[in-house]
Amino acid sequence: MRPPLPPFTEETARLKVRLAEDAWNTRDPRKVALAYTEDSEWRNRDVFLRGRDEIVAFLTAKWQRELGYRLRKELWAFTGDRIAVRFAYEYHETDGRWFRAYGNENWEFDEHGLMRRRYASINDVPIAAPSERITV
C-alpha cells in the first residue's frame, strides 16, 4: 500500500503530489521507483519505459546529467484514480549551463496507491542562473 489511495479527494490528491515532489527531490532512483507498479508504463518526453528496472535506469542516468536538480509540482486536476500535475524544475549540466524545465504529467494509480501510468511532456528553457523559488 502506498497511501493516499484512490479515489482521490482534493486533499489526498494534493498530498500525493507533495509526496511525489519530496521523493523526486531526493534524487534517489530506487526510492522514487517504489511509488510505481512493477509494470508501470511511462512516457517521458520521447522515451517510453516499462517497469521499475527501466525507471531506475532512466532516473539514474537523468540525475547524472541533470546536476543540482530541484523540482516543484502543483496539482492541476484529479478524479477517481487519476491526477494531472504541472511542474517546473531546474538543473545544470557539467559545463555549468542552467536550465528550467516546464511540463505536465498525467498519472493513473492502482487500488494500492501505486502509479501504473505516468505520461510527461517537458520543455527545457536555458536560464542564466538558478532561482531562489521555482514557480510552476
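Here is a short tour of the sheet in this predicted model and the helices that pack on it. Local features need pLDDT of at least 70 and side-chain atom pairs count only at pLDDT 80 or more, while totals for chains, interfaces and linings use all residues. Residues are numbered from 1 along each chain as its sequence is written, and side-chain values use heavy atoms, leaving out hydrogens and water.

**The sheet**
- Six strands (DSSP E runs of at least two residues, numbered from the N terminus) make an open, mixed sheet in the order β2-β1-β6-β5-β4-β3; strands pair if DSSP finds at least two bridges between them.
- β2 (47–50) and β3 (67–79) are the edge strands, each with a single partner, so one side of each has no neighbour in the sheet.
- Strands β4 (residues 82–92) and β5 (residues 98–109) run antiparallel and are joined by eleven bridges; one bridge partner is Asn104 in β5, which pairs with Arg86.

**Helix α1**
- Helices here are DSSP H or I runs of at least four residues.
- With 17 residues, α1 spans 25 Å from first C-alpha to last, close to the expected 24 Å (1.5 Å times one less than its number of residues).
- Ala13, Lys16, Val17, Ala20, Glu21, Ala23 and Trp24 of α1 are buried (under 20% relative accessible area, 1.4 Å probe, protein chains only).
- Viewed down the axis of α1, these buried residues fall within an arc of 170°, so they line one face of the helix (the arc is taken from the directions from the helix axis to the C-beta atoms).
- Just after α1, Arg27 has a positive phi of about 55°.

Note on methods: Buried means under 20% relative accessible area, exposed over 50%, partly exposed in between (1.4 Å probe, protein chains only).
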